[in-house]
Amino acid sequence: MNKGAKRDVLILIAGVAFFALLPLFVKNDFYLDGFILIFVWGAFAGAWNIISGYGGMVSLGHNAFFGIGAYTSTLLFLRQGVSPWVGMWAGAVIAAVIGVILGVICFRLRSHYFALATLAFGQVASILALNWRGLTEGAEGLTLPIHPSFTKMIFATKLGYVYMGLGLLIAVLLITYFIENSKLGYFLVAFRENEDAARALGVRTGRVRLVAMAVSSALSALIGSFYAQYLLYIDPSSVIRLQIAVQVALFAIVGGVGTVFGPFIGALIFIPITIFLRAKLGSALPGLHMVIYGGILILVLFYMPKGIYGMLREKYFPSSRIFK
Amino acid sequence: MSSTLFAQLVISGILLGGIYALSSIGLTLIFGVMKIVNFAHGEFLMLAMYVSFWLFHSLHIDPYLSMVISVPLFFVVGMLTYKIFIRKTIGAPILAQIFVTVGLSIIIENLALLFWSADFRTVSLAYLSKPLIVGPFPGLGLEEIIVNKARFIAFFLGISLSVAFYLFMKFSYLGKVIRATSQDRTTALLMGINIDRVYTLSFAMGILLVGIAGALMIPIYTVHPFVGFEFVLIMFVVVVLGGMGSIMGAMIAGLFIGVVEVFSGFLIGPESKQAIYFLVFIAVLVFRPSGLFGEKGEEELERIEAIGE
Amino acid sequence: MLEVRDISKWFGGNPVLHDITFRIEQGEVVGLIGPNGAGKTTLFNVLSGFYRSKTGAIRFKGEEISRLNPEDICRKGLCRTFQITKPFSNLTVFNNVVIGALSRERGIRQAEKKADEILDLVEMTSKRDLPGRSLTIADRKRLEVARALATSPDLLLLDEVMAGLNPNELKGMIDLVKRLTELGITLFVIEHIMTVIMGISDRIIALDHGELICEGPPKKVADDPKVLKAYLGEDYVAAQG
Ligand SMILES: Nc1ncnc2c1ncn2[C@@H]1O[C@H](COP(=O)(O)OP(=O)(O)O)[C@@H](O)[C@H]1O
Ligand SMILES: [Mg+2]
């Protein structure tokens, strides 16, 4: 192993250790919530990144997949007594199937048109969640009874959620890393860079994107299920409204799309800002954190199109095999 | 359904559609000329509604009169927005093209929330409060039909302005220059057209149109920071249905969506009507990306550009 | 190797290709000439699956391919380059070629090995780690060839890979094309500089206004009055008498 690679491994180990151990010393639930949110949003942004960052198919409808996960596991548990550990996989399968159907229908659309179609799709999902009261209880939402038990995926302390969130995040990072270093990743990027050239070179761009879409939507649903277990109460506004799709894209873009760690870095930057402002201001200046989000988004798009992580990587880890 | 009710619904739908048409033609103009979807269009509409609201509230300026102020104001706002934000996204990667205006919409919406709170605000004008009663028309078998005055004015002015704008684009020199640019950027450039100027003017006009729409809408709708989001989704539906970039298409599609909305609201309930037209929207995108009323296939053109050499 | 029968292509009301029929045998180098706008690139687009011909048939290695997608046609061993080059701009030259190799090779490692061999063959090893967008025209054309080669084609369609090069670069490209024939790859080459195409082709096909006007050994095609007329205009031919 050469020197650069050794350094990279050390940084990686230090990073994992930091996020695995630090929560043990945090006694304040408010900050532990911060860790959970960073992991949830980092993982979700990573899932979005697979189809939209690597594949360049910009989705504004990922709120639907997140919501499908949250509602599927919660409803299966409330109505059928199915453990969320099972229910989350059911949600993932449903989301993957719907993602593939959406892909089959919409992948022929280019850029703006695809973004608009997914926006409409996400909006239909959110309208359904709001109005299909027989299934979802509409705006009243669904409450999970608080009986901590591992089989019900309800943890007695925040630490349980912290570690499960960390596990999900690491899973998403590993999957992304694996994709980036597989044919799938090369082909996705080829499609994003130039569709005609990719097809002329034998890249089955349709199939490749469908696989990426299935993985991306299934992961989003898994994270949605976990998020529902963490909130113990879900309604359309907390798990399926359009702003969720915008926010997840925003985190990924600011961190750096088409990279393994970028989306997580985005969450790592934004969640603390939100928490800090909420702690400082309470509800005194509603919307201020969103103004800051929007401002950072535009600045990054103009001056750091590769995102914050993308830029740092180019500078400090240009040929790293780990920091992709 | 009685014929009177049917006529009532059609008329309400068409009146509603006039508003949609006017607010959407700016969006379609901007897309047609610079191939940019302005995700912040609804927020500019929201700002326009606030401007008319505050002019009425603090200076007692009639909303219809406030257009005298809104029109130049929003023209300048549009120009500045183009120069500061939009110009940089022309020819930029798709992510920047989409998310710069998304970022703008987030900023504007939340600034409105910061400054003006989430309160719902309305302008009610005494002279509009009584509805207009039309009919009965025994010859047509119709009883009395009720027409909301504010909606009627908005429809009448909205459609007249839309038609005027359409004619302007068709016959004026500037209109021709803009259309030439939107059809073929490169050739326009070779012909000595100042593309940047055309873009600036088009964006400014697009925002100006929504400035007018805001003034026409404030006597009808309550304004709050999130109202733009509600309308922008409808505008997308109208623009796509009409063929992205087609002004005439947006006008027809606006009326069409107005009627669909009123009927589906009546027949299946107001909550689900949105779902209906979003499904229509996806179907149109998939089966006829050039729109139901569009002239040329924008999406196909891109395809040809990609391979044709 | 390739049998094309009666293919046609219209854009709007305009026929761009009209009842084109020809064959290419294994191991041949066939030149495709014709003035600008004759329909040469369109013919490549039809052969490679980017456009569909409403009529006729295309048989490649005995198999009907006219209904297949570009990606599947490539996987059968028919690959094309683009006249207006289409590099993956944000990827290195190396990764551009790796992607070409991946559609045939089992894994990333094998594809990387193959990519290095090909960069060596096309003499681009020194540019291996540059991003696609930074290349000169000559190198972009070379990269087009390199990527296409990486897919292990049996028949390679080269669309004006020699156009717009300076004499030195041109000589390099001609050498490269000759090396490809030594590898046993059948070539179908668009080029409208007559002297160049005559030097490398076994046989030449001439298109004009979407019609196949002449076909045969280079010498015969070069002397054909229809070809002269297409290139130089009626008057020139008359004056030469
Ligand atoms: N996508 C397209 N749409 C319309 N016309 C096209 C398209 N592609 C090519 N053409 C027309 O077809 C003719 C042949 O073009 P092309 O095959 O590119 O010629 P060549 O490669 O021989 O120079 C030209 O007249 C060109 O304008
Ligand atoms: Mg050509």
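**Setting values against definitions**

Trainee: Why is C:Asp154 called partly exposed?

Mentor: Its relative accessible area is 28%. Buried means under 20% and exposed over 50%, with partly exposed in between (1.4 Å probe, protein chains only), so C:Asp154 is partly exposed. Keep in mind that this is a predicted model, where local features need pLDDT of at least 70, side-chain atom pairs count only at pLDDT 80 or more, totals for chains, interfaces and linings use all residues, and side-chain values use heavy atoms, with hydrogens and water left out. Residues are numbered from 1 along each chain as its sequence is written, while chains are lettered from A and ligands numbered from 1 in the order in which they are written.

Trainee: What makes C:Asp154 and C:Lys61 a salt bridge?

Mentor: Their closest N and O atoms are 2.5 Å apart. A salt bridge needs a side-chain nitrogen of Lys or Arg within 4 Å of a carboxyl oxygen of Asp or Glu, so this pair counts. C:Asp154 is in the loop between α5 (137–150) and β7 (155–159) of chain C, and C:Lys61 is in the loop between β4 and β5 of chain C, so parts 93 residues apart in sequence are tied together. Those labels are DSSP runs numbered from the N terminus: helices (H or I) have at least four residues and strands (E) at least two. C:Lys61, at 44%, is partly exposed as well.

Trainee: How do you know that B:Asp196 and B:Arg87 form a salt bridge?

Mentor: The closest N and O atoms are 2.7 Å apart, so the pair is within the limit. B:Asp196 sits in helix α8 (residues 195–217) of chain B and B:Arg87 in the loop between α3 (63–86) and α4 (94–116) of chain B, 109 residues apart.

Trainee: Is A:Glu193 buried or exposed?

Mentor: With 16% relative accessibility, A:Glu193 counts as buried. A:Arg192, at 32%, is partly exposed. The two side chains meet in a salt bridge, 3.4 Å from N to O.

Trainee: How many salt bridges are there over all chains, and how many between chain A and chain B?

Mentor: The structure holds 25 over all chains, and the count between chain A and chain B is zero.

Trainee: What is in contact between chain A and chain B?

Mentor: Contact means heavy atoms within 4.5 Å, and 43 residues of chain A touch 47 residues of chain B in that sense. A:His112, A:Tyr113 and A:Leu116 lose the most area to chain B, together 18% of what the chain A side buries.

Trainee: What makes C:Thr41 and C:Gln83 partners of the magnesium ion (ligand 2)?

Mentor: C:Thr41 (OG1) and C:Gln83 (OE1) coordinate the ion at 2.0 to 2.2 Å. Donors are N, O and S atoms within 2.8 Å of the metal (3.2 Å for Na, K and Ca), so both qualify; water is not among the atoms, so sites may look incomplete. C:Thr41 lies in helix α1 (residues 40–47) and C:Gln83 in the loop between β6 (78–80) and α3 (93–102), both of chain C, so parts 42 residues apart in sequence are tied together. C:Thr41 is buried at 13%, whereas C:Gln83 is partly exposed at 21%.

Trainee: How do you know that β1 and β4 of chain C pair?

Mentor: Pairing takes at least two DSSP bridges, and four join β1 (residues 2–11) to β4 (residues 57–60) of chain C, so they pair. They run antiparallel, and C:Glu3 stands opposite C:Arg59 in β4(C). The open sheet has the order β2-β1-β4-β5 (chain C). Its edge strands, β2 (14–24) and β5 (63–64) of chain C, each pair on one side only.

Methods
Buried area = accessible area lost by both parts, 1.4 Å probe.
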